[in-house]
Every structure is written in structure tokens, then in C-alpha cells.
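Here are a few exercises to work through at your own pace. Have a look at the chain first, then try each task before reading its solution.

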Amino acid sequence: MQHYWSVGPRTPIFLITIAIVLCSGRVRGGSNLDLRDVDLAGWPCLESPTGSAKTQDGMERNRMKNRPPVDLAGVNVEAVDTAAFLRKVREYDSHLDAQRRSDLSDAEKTLLNRYENQIVSLTGWLVLAYPGPPETTNCGDRNLHDWHLEVFEDSSDHHPQIGDPTPIICEITPRTEGTIYRDIRLDSIAGFFRTGKAYESTGHPPRKIRVTGYLTWDDDHNGKADVGSTVDNISPGNGYHHPWRSTAWEIHPVIKIEVLDSNPNSEAPSVPTPLAVARQPPAVGITPEFITIIRPVVIVIPYGETTLQPGQRLELVGRSADKIRVKYLDRIYDLPLAAIQ
């Protein structure tokens with residue numbers, strides 16, 4: 001079970017300072033609260049674009065979701081806002097006239113393939129982001145999961161609630177996460193994170209973004225409990241909102257994210273930062289040195305905790321006889337030397 005905490009006057013000093021747990025082997029559990037510089041070398045699912053799906057429609061769906069990143073230079077990308085995206089996919093729905101892939105004829109599957117082989121750019125507001133659950137797409141891996149982005153027509157000062165409009169879902173996959181990580185941190189563009197049953201503000205309003213990626217029909221989420229124009233209820237069991245999407249069509253995988261609005265956070269309250277995780281000014285005129293994590297390390301971050309995975313490259317800030325100091329998401333963390341030896 002994951003436990004998340006915030007810094008307060010009664011928080012024990014040893015928890016505030018830093019929490020580090022070393023494990024052996026590949027960690028399958030844990031929760032990560034922002035994009036990572038993932039290294040997929042040796043990941044068993046990398047060579048399986050159909051994931052661990054056993055059904056024909058599941059394998060077809062996973063093959064679409066697991067497409068690798070591509071160079072967008074010279075690619076004809078259609079730019080749409082949320083309204084244009086919904087008009088576009090409603091037209092596709094009318095042509096397919098089916099709820100699931102398994103209902104399609106061979107001719108209709110050929111038509112669907114033409115629709116899904118498009119790269120589009122969606123403009124909207126990133127109100128909510130969260131790590132996806134283990135699923136067949138990623139062979140049931142709890143760590144190398146998708147990231148769900150809920151993109152809305154308008155900004156919001158709260159996470160989705162009853163009566164609110166539903167978003168368009170965009171998903172970052174393990175195959176595209178490392179590329180997007182080079183330029184984007186979700187906590188700098190999302191208004192809210194969801195961790196388990198809890199919603200957490202990032203401390204700033206949602207950002208207006210442009211999400212570019214493949215069009216995919218996620219027919220596995222094409223029922224009334226998932227698709228609707230507004231949120232009708234909040235599940236008492238898990239706190240999730242239903243319906244939670246405006247269409248079964250998504251951008252999946254996301255290949256690129258661009259921030260379109262100016263930074264709205266200049267006067268917003270900052271997120272409480274634990275001791276030993278203070279922001280540091282960037283070095284000037286010095287070429288950064290990087291280290292590679294070889295063992296999973298759990299660290300405390302402003303929203304709870306995250307696991308640094310083997311293969312992640314982090315900027316080295318300093319070292320002592322038994323510790324190294326690294327930069328992660330613009331904050332400084334002390335790690336045991338064993339993490340890189």
C-alpha cells in the first residue's frame with residue numbers, strides 16, 4: 001500500500017530529511033508522479049507491440065497504442081482544438097457504426113486503420129494528469145505504465161467534479177516517455193495530479209498545451225460508464241469520476257507536448273518542499289556530469305514519493321564518501337552511493 005504525506009509542524013524530522021529504500025532487482029510496484037528518463041533496454045515488453053493481450057481485438061488495440069515515437073519533421077499534422085477533434089471523430093464513428101473492434105468487418109477494419117494512421121495536434125488545457133494502471137498494453141508492468149492526460153476545452157480551478165464537461169484523453173507510453181521527458185515535466189503543466197484516490201493541486205493553474213500524437217480508437221472504453229459529455233457521478237469506492245471521457249478516441253501514443261500559454265505561476269503559491277530537496281540555481285559555464293542509477297531508489301518528492309529506476313540518468317551535483325547528490329526535476333536529492341555502484 002502506498003502512503004503519501006505532506007510536511008507539517010508535527011512531521012518527524014527524519015521523514016522530512018529524506019526517505020530512501022534500496023531494493024534488489026526490477027521493482028514492479030511503486031508510484032511515480034512525473035515523467036522519467038526511462039531506459040527500456042532489457043524490458044521484456046519492448047519486443048511485444050501487442051503487449052500481453054490474448055484476444056484479437058486486444059492485440060489490434062495494443063499494436064496501435066505501442067507505436068514508437070517518430071520524427072515529426074515533414075509529417076503532415078492536422079491541428080485541431082477540442083471541438084474540432086470531437087467533430088472529426090464523431091464522423092469516424094458514424095462511418096464505423098460499431099461499439100467495438102470485434103464488431104467490424106474486414107472492410108471496416110481497413111477503414112479504421114486509415115483513421116488511426118493519422119498524427120494530429122490537439123490544443124487544450126491540461127487540467128489533470130495521472131499514472132495509468134498495469135494493463136496488457138505494457139504487459140501488466142506497474143512501473144512502466146502509461147500516463148493519462150485529461151485535456152479540456154477550458155481551464156479549471158478544480159479537478160473534475162459532477163456537472164463538469166468531460167475531457168479528451170491523451171496517453172504517453174513507455175516508448176515515448178523518455179523523449180517527452182527531455183522537454184516537459186507534468187507538474188509544470190497540469191493543474192492537478194491524481195494519486196490513488198487523492199487529487200493534489202500542483203500549485204498553479206492548468207497550462208494550455210499542444211499535444212501531438214497518433215489517433216487511436218480505444219474501443220475498450222466505449223461504454224456509457226466511460227463516455228459522456230459531462231461527469232454524472234463520483235464513485236464512492238475509488239473516487240473516480242464517471243463518465244470520464246468525451247469519446248473513445250484518444251491521442252495515443254503522445255509523441256510531443258508544447259506549452260502555448262505564458263507561465264501563469266509567477267504569483268501562485270509554491271508547493272511545500274521538504275528539507276534536503278531545496279531548489280538550486282543552475283551552474284553557469286560548467287558542463288554537467290551525469291550518473292546512471294543501477295538500483296531502484298525511492299525518494300520523497302513534494303507530492304509523496306517516487307522510484308528512481310535503473311537506467312535513469314541524473315545530473316550529478318556532488319558526492320561524499322557514502323552519498324551522491326543529484327538533480328531530479330529541478331530539485332536536489334541525496335542518494336546512497338550504492339545506487340550507482
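**Exercise 1: A charged residue and its surroundings**

Arg245 is buried, with a relative accessible area of 0%. Keep in mind that you are looking at a predicted model.

Task: Find where Arg245 lies, and work out which backbone oxygens its side chain reaches.

Solution:
- Step 1. Start with the class: buried means under 20% relative accessible area, and Arg245 has 0%.
- Step 2. Locate the residue: Arg245 sits in the loop between β10 (241–242) and β11 (249–259).
- Step 3. Look for polar partners. The side chain of Arg245 reaches the backbone oxygen of Thr247 at 2.9 Å. A polar atom of that Arg245 side chain also lies 3.4 Å from the backbone oxygen of Ala248.
- Step 4. Now set aside residues up to four places away in sequence: Arg245 still touches several others, including Asp218, His221, Asp226 and Glu250.

**Exercise 2: Buried, partly exposed or exposed?**

Task: Decide whether Glu200 is buried, partly exposed or exposed.

Solution:
- Step 1. Place the residue: Glu200 belongs to strand β7 (residues 198–201).
- Step 2. Recall the cut-offs: under 20% is buried, over 50% is exposed, and partly exposed is in between.
- Step 3. Glu200 has a relative accessible area of 34%, so Glu200 is partly exposed.
- Step 4. Compare sequence with space: Glu200 and His158 are 42 residues apart in sequence, and their C-alpha atoms are 9.8 Å apart.

**Exercise 3: Inside the core**

Task: Name the helix that gives the largest share of the largest nonpolar core, then follow the contacts of Leu149.

Solution:
- Step 1. The largest nonpolar core has 55 residues, and among those touching the most other members are Phe85, Leu149 and Trp249.
- Step 2. Helix α3 (residues 82–96) gives the largest share of this core, with six residues.
- Step 3. Beyond its neighbours within four places in sequence, Leu149 is in contact with residues including Leu126, Ile172, Leu186 and Ile257.
- Step 4. There is also a second, separate core of eight residues, with Phe152 and Trp244 among them.

**Exercise 4: Reading a sheet**

Task: Which strands are the edges of the sheet β12-β15-β16-β17?

Solution:
- Step 1. Four strands make up this open sheet, and their pairing is antiparallel.
- Step 2. β12 (289–292) and β17 (331–336) each pair on one side only, and these are the edge strands.
- Step 3. Neighbouring strands are turned by 50 degrees against each other on average, direction ignored.
- Step 4. Zoom in on one pair: four bridges join β15 (residues 313–319) to β16 (residues 323–328). Arg319 has Ile324 in β16 as its bridge partner.

Conventions:
Residues are numbered from 1 along each chain as its sequence is written. This is a predicted model: local features need pLDDT of at least 70, side-chain atom pairs count only at pLDDT 80 or more; totals for chains, interfaces and linings use all residues. Side-chain values use heavy atoms; hydrogens and water are left out. Helices (H or I, at least four residues) and strands (E, at least two) are DSSP runs, numbered from the N terminus. Buried means under 20% relative accessible area, exposed over 50%, partly exposed in between (1.4 Å probe, protein chains only). A nonpolar core is a set of buried Ala, Val, Leu, Ile, Met, Phe, Trp, Tyr and Cys residues joined through side-chain atoms within 4.5 Å. Contact means heavy atoms within 4.5 Å. A polar contact is a pair of N or O atoms within 3.5 Å; within protein, one must be able to donate a hydrogen and the other to accept it, and residues adjacent in sequence count only if both atoms are side-chain atoms. Two strands pair if DSSP finds at least two bridges between them. Axes are lines fitted to C-alpha atoms, for helices over the stretch in contact, and angles run from 0 to 180 degrees between N-to-C directions.
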